[in-house]
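Reader: I'm new to reading structures, and I'd like to go through this one slowly with you. Could we begin with the empty spaces and then move on to how the chains meet?

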Amino acid sequence: MNAPIRPDTQLHTRADDGIATGDDLLVTENISLSFGGVRAIADISFDVKKGEIRAIIGPNGAGKTSMLNVINGFYHPQQGTITFRGNKRRRMRPHEAANQGIARTFQNIALFGGMSTLDNLMTGRITLMKRNMLWHAAWFGPAQREEIEHREAVEQIIDFLEIEHIRKTPVGRLPYGLQKRVELGRALAAEPALLLLDEPMAGMNLEEKEDMSRFILDVNQQYGTTIALIEHDMGVVMDLSDRVVVLDYGRKIGDGTPDEVRNNQDVIDAYLGVPHEDA
Amino acid sequence: MLYREAGDFKTDYRSDQQTFPIKSERYLFWATMIVAFCIVPFFINSYWEKSVLVPLLVWSLIALGLNILTGYCGQVSLGTGGFMAVGAFACYKLMTAFPDLNIFFVVILSGVVTALVGMLFGLPSLRIKGFYLAVATLAAQFFLIWVFNKFDWFYNYSPSGQITAPPRDIFGITVTGPNAPPWATYLFCLTILFIFAWVARNLTRGRVGRSWMAIRDMDIAAEIIGVEPLRTKLSAFAVSSFYIGVGGALFFSVYLGAAEVTEAFGIDKSFLALFMVIIGGLGSILGSFLGAAFLILMPVLLKNIFVGTLGWPTDVAAHIQIMLIGGLIVLFLIVEPHGLAQLWRLTKEKLRLWPFPY
């Protein structure tokens, strides 16, 4: 079940911001993050180029999710800087990152369970909606026009992800695979310049994984959205991503194309383990 | 058969967004409104006004306000009684300080004052959640009541500490004070409730409501999506307190006529409003009305049955009534934890298929 590619349903994205494809969209420099005595991330630098799919991999506890949390402003690193679309910053609140065009999905689904699929996706567009409360209190006129305008954009995403049939279902009632898809939809609804996916295939069966991979590739190709993803399924990572960064114990141990990373001895050691000297 | 959506097609988003998307529901709603606005005023008497309809309308408004905060934005509040008192005292001060100001604007301004106070007491919600926030709002309840008792400026230095609503007109018809005709007070409250319910529906169906619900369902994800927690929570506190303040102003000026703060706006009022919202259905506008109706009408009904029909002594009837209401609340929450609104929703699902089982 492949998503149909329709060039006519081109979403206007925040991707068109003057940065040419292949240039740096996001650069993290010497990021260090610790919680008390625990060093989650130590001196990590890497970049994400515009238009690519960048994978972040590593064993459990390597600091991958912490890295995403740093990028979207949820954690504040003690050291280092993040440059996103040319703006350098150290600290930022999550909603400010969202306003700059960073959207993400979560390892454990974080949908708004009491709301319908449609409302979840509409919430994804919250940074694009501008009418204030007084307009909404009156509803008729500008607020309604704005709602309808955004509804049209959301319907395109619903169409793209093939979730028309669950449009009005409360997401709490949906099966896991569909929830993951709705969550991707919610992130897409924000028309992000950078899309962070935290284990988009976790807990899925083969067919669902294939669907999700298809959607990720289509998002990247059709909308031109830059994607950074964390994933444990190596087959998926190596097939989807343009470049891979490997973390282990908060350090960066590898960075490059899938082939380079596959042949990197440090990476092989981290995943397969090395014999103890006294063994 | 009675209620169905077959053939009721939507061809644009505007009609898909409407409040009552199904035709029969729309007819039922407007029929109810016609009865409420055009027929009831001709038959209302003082008993129905004072014991049934006006308290029902005022409490519906208050429940609606609390539902915006607790049901839609997920912030539990036990300060409702205190905020009602703010509305009532703001109303009293405005009525006595500006005798020429139209009562409608007095009531609205009382809501504005309460909204400001509510935002102030909403500030802790940025740091604390759930039960802890409930305790923090409890502080608002006790603090506000204490303030209104302590400083006699609030009750214009009256020796009894009571506040009494002077008579005020709207279009030449008295709506407050002891001589207000029942139909006038009823229509005044009904009109305000109608407007406010409509506004509540508008706020909750659009961007504003979605940002409240996002904070309620998953606050961290909401923040990462771009919902600003500070602004969103405070706006919920402001709107909710605005509603409760207007409710408190009506409660004092139209319904009670005279009030003593400790007695009229005690902690029991906070709980009553919270029960209404929980029994009616959190996050449902209809639920606010159903909850208020249940807790206002049921005691009246039971009292009429026990004392009027069965001829029991009033004190026995009063105690049995309290027990029965408590029992019914428990029963309803076991049968449907999501409240009467959910019960209504399920009934509608069944009605769609009736008389077939599926």
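Author: Let us settle one word before we start: a cavity is a set of grid points where a 1.4 Å probe fits but cannot get out, whereas a pocket is an open set. Please also keep in mind that this is a predicted model.

Reader: Okay, so how many cavities of 30 Å³ or more does a search of the whole structure find?

Author: The search finds three cavities of that kind, and the largest cavity holds about 100 Å³ of space.

Reader: Which residues lie nearest the centre of the largest cavity?

Author: Its lining has 14 residues, and those nearest the centre are Ile102(A), Ala103(A), Arg104(A), Ala190(A) and Ile225(B). Strand S6 (102-104) and helix H6 of chain A, together with helix H9 of chain B, are the elements that give two or more residues to this lining.

Reader: And which element gives the most to it?

Author: That is S6(A), which contributes three residues to the lining of the largest cavity. Sorted by class, the lining of this cavity consists of eight nonpolar, three polar and three charged residues.

Reader: What about pockets, say the second largest one, what volume does it have?

Author: The second largest pocket has a volume of about 540 Å³. It is lined by 20 residues, and the closest to its centre are Leu272(B), Leu295(B), Ile296(B), Pro299(B) and Gln321(B).

Reader: Which helices of chain B supply at least two residues of that lining?

Author: In chain B, helix H3 (46-72), helix H10 (229-256), helix H12 (267-280), helix H13 (285-309) and helix H14 (314-335) each do so. The lining of the second largest pocket divides by class into 15 nonpolar, three polar and two charged residues.

Reader: Switching topic, how many residues does each chain bring to the contact between chain B and chain A?

Author: Chain B brings 32 residues and chain A brings 38 residues. The area buried between the two chains is about 3200 Å², and carbon and sulfur atoms give 65% of that area. On the chain B side, Arg207(B), Arg210(B) and Ile224(B) supply 24% of the area that chain B buries against chain A, which is more than any other three residues.

Reader: How many salt bridges cross that interface?

Author: The rule finds three salt bridges across the interface of chain B and chain A. One salt bridge between these chains joins the side chains of Arg93(A) and Glu223(B), at 2.9 Å from N to O. Between chain B and chain A there are also eight residue pairs in polar contact, with both residues at pLDDT 80 or more.

Reader: Which helix gives the most to the side of chain B that touches chain A?

Author: H8(B) gives the most to that side, with nine residues. By class, the side of chain B that touches chain A has 17 nonpolar, six polar and nine charged residues.

Reader: What about salt bridges over all chains, how many does the structure hold?

Author: Over all chains the structure holds 26 salt bridges. Within chain A, the side chains of Arg125(A) and Glu191(A) meet in a salt bridge at 3.0 Å, N to O.

Reader: Why does that pair tie together parts that are 66 residues apart in sequence?

Author: Because Arg125(A) lies in the loop between helix H3 (117-124) and helix H4 (133-138) of chain A, while Glu191(A) lies in the loop between helix H6 (176-189) and strand S7 (194-198) of chain A, the pair ties together parts that are 66 residues apart in sequence.

Notes. Residues numbered from 1 in each chain as written. Chains lettered and ligands numbered in written order. Predicted model: local features only at pLDDT ≥ 70, side-chain atom pairs only at ≥ 80, totals over all residues. Heavy atoms only, no water. 1 Å grid on protein atoms, 1.4 Å probe; cavity = no way out; pocket = protein on both sides within 12 Å on 5 of 7 lines; lining within 4 Å. Points joined across faces, edges and corners; volume = space filled by probe spheres on them. Helix = DSSP H or I, 4+ residues; strand = E, 2+ residues; numbered from the N terminus. Nonpolar A, V, L, I, M, F, W, Y, C, P; charged D, E, K, R; others polar. Contact = heavy atoms within 4.5 Å. Buried area = accessible area lost by both parts, 1.4 Å probe. Salt bridge = Lys/Arg side-chain N within 4 Å of Asp/Glu carboxyl O. Polar contact = N/O pair within 3.5 Å; in protein donor to acceptor, adjacent residues only side chain to side chain.
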